[in-house]
Every structure is written in C-alpha cells, then in structure tokens.
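Got your viewer open? Load the model, colour it by secondary structure, and follow along one selection at a time.

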Amino acid sequence: LYFAESTGLLVRDEVPAGGQLRTTDYSDYRPVDGVMEPFARRLSQNGEIYEIRLNGVIHNGRSALGYFEFPRLSNEPLPDIPTLLSQVTANEKHIEEMLDNYGYTETTQQREFGDNGVLRVRESEVYELTFYQGNRIRRLISKNDRPLSALEQAEEDKRIEKFIRNLEKQEEEKERKAQRTSGTGTSDDNDDNQRLSISDILRASRLVNPRREVFRGRQVIVFDFEPLPGYKPQKDYEKFFGKTAGVIWIDDTDRQVARLEATLIDTFKIGGGLLASLKKGATFVFEQQRVNNEIWLPTSVEVNLSAKVLLFKSINANQLTTFGNYQKFNTEVEKPILNGPGKDPAPQP
C-alpha cells in the first residue's frame with residue numbers, strides 16, 4: 001500500500017493475483033460525508049489498463065436487489081418475435097406523438113486521456129431540448145460549466161429564431177404536398193433534426209439468440225443483432241447501422257428499448273471517405289428509462305471511436321452525453337416552441 005505523505009490518502013495498492021501483479025492507482029479524492037473518497041481509479045493487470053470513474057458515492061445506501069440479479073433462465077416462453085418488434089415500432093410512434101409535450105436537458109462531454117492516463121473532460125456543452133412535429137430543437141445554455149455571455153446568448157437566440165422559421169416553412173410545404181397527393185406524398189424530414197428511431201436500427205439488422213434477462217430490476221427480452229444481408233438502407237444513418245453488431249434490451253412490459261450496445265464491424269465512410277472514415281471497432285452505448293410513468297426518454301449515450309477526417313487528420317473521440325431535468329409542458333398550448341426563444345411554456349405543476 002502506498003500513501004501520499006502530505007495527505008495520508010491511499011494512492012496505490014499492489015496485489016498478487018494468479019501469478020500476475022494487479023496495481024490500482026487512486027486519485028480525484030472528494031469529501032463524502034466527511035470522508036475522502038477516490039472518484040478515479042486506474043487498474044493495471046495482465047498488460048491491460050482500465051480507467052474507472054465514479055459518478056457518485058453513497059455511504060450505507062440501500063440498493064435495489066434487482067441490481068445484483070444475474071441473468072437467469074426462465075420457464076416463461078418468449079413472446080412471438082415479429083409481434084414483439086411490431087409493438088416496439090408502434091410504441092416508438094406513440095412516443096413521437098408525445099414528445100411535443102416534453103423537454104429536457106442534454107449535457108455533452110468531450111473527454112480525453114491526460115498525460116497521467118486519467119480520463120478527463122476536455123470541453124462540455126449543455127442544451128435545452130424541445131420538440132415540434134417530431135423535430136428536435138436544441139438551445140445551447142452553457143459551455144464548459146459557464147452560462148453563455150450576452151453576445152453568445154444573442155447569437156443563440158438568433159439561430160433558434162431562424163431555425164423555427166425554416167421549420168415552419170418545411171411543415172407548411174409538407175402539408176401542401178400532402179394535400180396535393182391526398183396524403184400519399186413522401187416526407188422531406190431533415191435527418192439531423194429527427195429523433196433517432198430504434199425501428200430504423202431494427203430494419204437494418206437481423207436479430208438472433210433471443211433470451212430473457214433482468215435489467216435494472218425489470219424483466220427484459222434480449223437479442224444479439226448483426227447486419228441484415230441484402231437490406232437496402234432507406235436513410236443515410238441506416239447505412240451505418242448496416243455495418244454494426246451488438247446487443248439490444250427490450251423492456252418486457254412496456255415494449256420499449258432500455259439499452260443498446262453497438263460495435264462497428266467494418267470501416268464506415270462518409271462522403272465516400274472524402275469527409276471522414278470511421279475505423280472498425282468504434283463502440284456506441286444508448287440507454288433510456290421510463291419518465292412520469294408514461295414515456296420512455298434517453299438517459300445516456302456514450303461514443304468511442306477513431307476516425308480519419310478529410311483524408312489526412314486522425315482523431316480519437318470519447319463522448320458522453322447524459323439527459324435529465326425532464327419536464328412536461330402544458331398541453332393546452334398548441335405549439336409551445338413557437339412562443340419565441342427563451343419563452344417555453346411553464347411545466348405542469
């Protein structure tokens with residue numbers, strides 16, 4: 001055991017394990033209930049290094065027993081798979097209809113490993129998210145833990161105003177097209193503003209090895225997924241999911257996706273490789289939860305990837321996005337986002 005001479009805090013331990021030496025370095029000490037706790041650990045064993053970051057420490061707290069349940073076999077039969085997937089798709093469409101009544105915050109952290117090998121936040125941004133006709137509206141409210149300056153706020157307000165005007169024009173044009181074609185026209189939705197649908201991923205994938213497990217104390221149906229041979233993508237990002245494999249957890253009661261893990265199994269080129277090229281092995285983790293006992297909303301997205309941009313610049317990205325502060329708006333307002341920047345309706349009591 002190694003202790004810092006100045007503080008007396010543990011900074012390293014070395015433990016023999018199976019003929020190897022396991023070393024753990026402790027750092028980022030913070031007071032919790034008057035006790036200094038390490039929020040960062042660096043574990044080295046068998047030539048591998050693990051960076052561990054704690055989001056919080058609770059002393060003598062009570063944990064749900066479901067957190068400690070291992071996946072177990074169940075005598076309960078699996079549901080009909082095509083019916084299950086149809087229900088997931090239908091529930092997603094219902095969620096889209098409810099989104100206009102909800103808003104929440106999105107915190108994005110760009111992270112990197114420092115010279116000491118500890119993962120640190122390089123920069124961060126916080127956005128307020130609202131939705132209109134299924135379109136996502138992101139309003140920047142702070143950068144690097146600082147509120148926007150007066151100039152930055154004015155520029156952001158101007159951007160939002162322009163965005164809403166363009167959005168209304170798009171919606172009016174879509175309505176005119178629908179009327180001319182008796183409702184059979186195609187949608188011109190902007191993929192960048194649309195909420196990613198799990199059904200888009202399911203269409204581009206083949207699901208295998210269905211099984212029952214327990215996730216966060218709830219019964220779930222779990223699938224492994226892989227690219228669906230012969231599938232022709234309908235949207236640009238479906239081309240990406242056509243090159244991924246992973247695992248998906250579907251809540252057995254609500255028929256909603258609780259978690260998704262994906263790994264890029266082949267290089268993915270953007271703009272034919274001229275704009276960017278994502279390297280094989282990139283990983284993506286998505287989680288969501290039930291809010292207000294009526295809607296499932298995202299809780300976190302984690303991305304780790306290596307890419308070559310514009311043919312010559314190589315980058316490594318480690319990004320964590322967390323969501324919270326969920327609010328339900330007054331449903332009596334027909335178009336809450338059109339009241340003007342910074343004037344969203346007050347949440348219901």
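What follows is a walk through a predicted model, stop by stop.

**The whole chain**

Start zoomed out. The protein has 4 helices and 18 strands. Buried residues account for 36% of its 349 residues. Among contacts between residues at least 6 apart in sequence, 46% join residues at least 24 apart.

**The sheet from E1 to E5**

Now pick out E1, E2, E3, E4 and E5. They form an open sheet of 5 strands, in the order E1-E2-E3-E4-E5, with antiparallel pairing. Which strands are at the edges? Those are strand E1 (2-3) and strand E5 (48-53), and each pairs on one side only. As background, the strands of a sheet pair through backbone hydrogen bonds, either parallel or antiparallel.

Zoom in on residues 20-32, which make up strand E3. E3 runs antiparallel to E4 and is joined to it by 9 bridges. To find one bridge, select valine 32: its partner in E4 is valine 35.

Next, click aspartate 33, in the loop between E3 and E4. Check its backbone angle: phi is near 55°, a positive value in a residue other than glycine. For comparison, most residues other than glycine have a negative phi. Is aspartate 33 buried or exposed? Its relative accessible area is 63%, so it counts as exposed.

On the other side of E4, 6 bridges join E4 to E5, and these two strands also run antiparallel. Select arginine 41 and you'll find isoleucine 52 of E5 opposite. The E4 and E5 hairpin has 2 residues between the strands, and asparagine 46 takes a positive phi near 55° there.

**A stop at arginine 42**

Stay in E4, which covers residues 35-45, and show the side chain of arginine 42. What does arginine 42 make a polar contact with? The partner is the side chain of glutamate 51, at 2.9 Å. Arginine 42 is partly exposed, because its relative accessibility is 23% and the partly exposed class runs from 20% to 50%. Add serine 27 to the selection: it is 15 residues from arginine 42 in sequence, with 8.5 Å between their C-alpha atoms.

**A second positive phi**

Jump to aspartate 145, in the loop between strand E8 (135-143) and strand E9 (146-147). Here phi is near 65°, again a positive value in a residue other than glycine. Aspartate 145 counts as exposed because its relative accessibility is 72%.

**Along helix H2**

Select residues 150-180 to bring up helix H2. Measure between its end C-alpha atoms and you should get 45 Å. That agrees with the 45 Å span expected for 31 residues at 1.5 Å a residue. Now show the side chains of Glu156, Ile160, Phe163, Ile164, Leu167 and Glu171, which are buried. A general point helps when reading that list: an α-helix has 3.6 residues a turn, so residues three or four places apart point the same way.

**Aromatic rings**

Switch to aromatic side chains. The whole structure holds 4 aromatic pairs. Take tyrosine 104 and phenylalanine 131: their ring centres are 6.0 Å apart and their planes are at 40°, so the pair is tilted. Tyrosine 104 is in strand E6 (residues 102-113) and phenylalanine 131 is in strand E7 (residues 119-132), so the pair ties together parts that are 27 residues apart in sequence. Both tyrosine 104 and phenylalanine 131 are buried.

Another tilted pair is phenylalanine 215 with tryptophan 249, at 6.1 Å centre to centre and 35° between the planes. This pair links distant parts of the chain, with phenylalanine 215 in strand E10 (residues 205-215) and tryptophan 249 in strand E12 (residues 244-251), 34 residues apart. Phenylalanine 215 and tryptophan 249 are both buried.

Go back to tyrosine 104 and phenylalanine 131, and add Phe323 and Tyr326. Together, Tyr104, Phe131, Phe323 and Tyr326 form one aromatic cluster.

**Charges over rings**

Two last clicks. Show arginine 138 with tyrosine 127: the charged end of arginine 138 sits over the tyrosine 127 ring, 3.8 Å from its centre. Then return to tryptophan 249, where arginine 259 lies over the face at 5.5 Å from the ring centre.

Terms used: Residues are numbered from 1 along each chain as its sequence is written. This is a predicted model: local features need pLDDT of at least 70, side-chain atom pairs count only at pLDDT 80 or more; totals for chains, interfaces and linings use all residues. Side-chain values use heavy atoms; hydrogens and water are left out. Buried means under 20% relative accessible area, exposed over 50%, partly exposed in between (1.4 Å probe, protein chains only). A polar contact is a pair of N or O atoms within 3.5 Å; within protein, one must be able to donate a hydrogen and the other to accept it, and residues adjacent in sequence count only if both atoms are side-chain atoms. Two strands pair if DSSP finds at least two bridges between them. The expected span of a helix is 1.5 Å times one less than its number of residues. Rings of Phe, Tyr and Trp (its six-membered ring) pair if their centres lie within 6.5 Å; planes under 30 degrees apart count as stacked, over 60 as edge-to-face and the rest as tilted. A charge sits over a ring if NZ of Lys or CZ of Arg is within 6 Å of the ring centre and within 35 degrees of the ring normal. Contact means heavy atoms within 4.5 Å.
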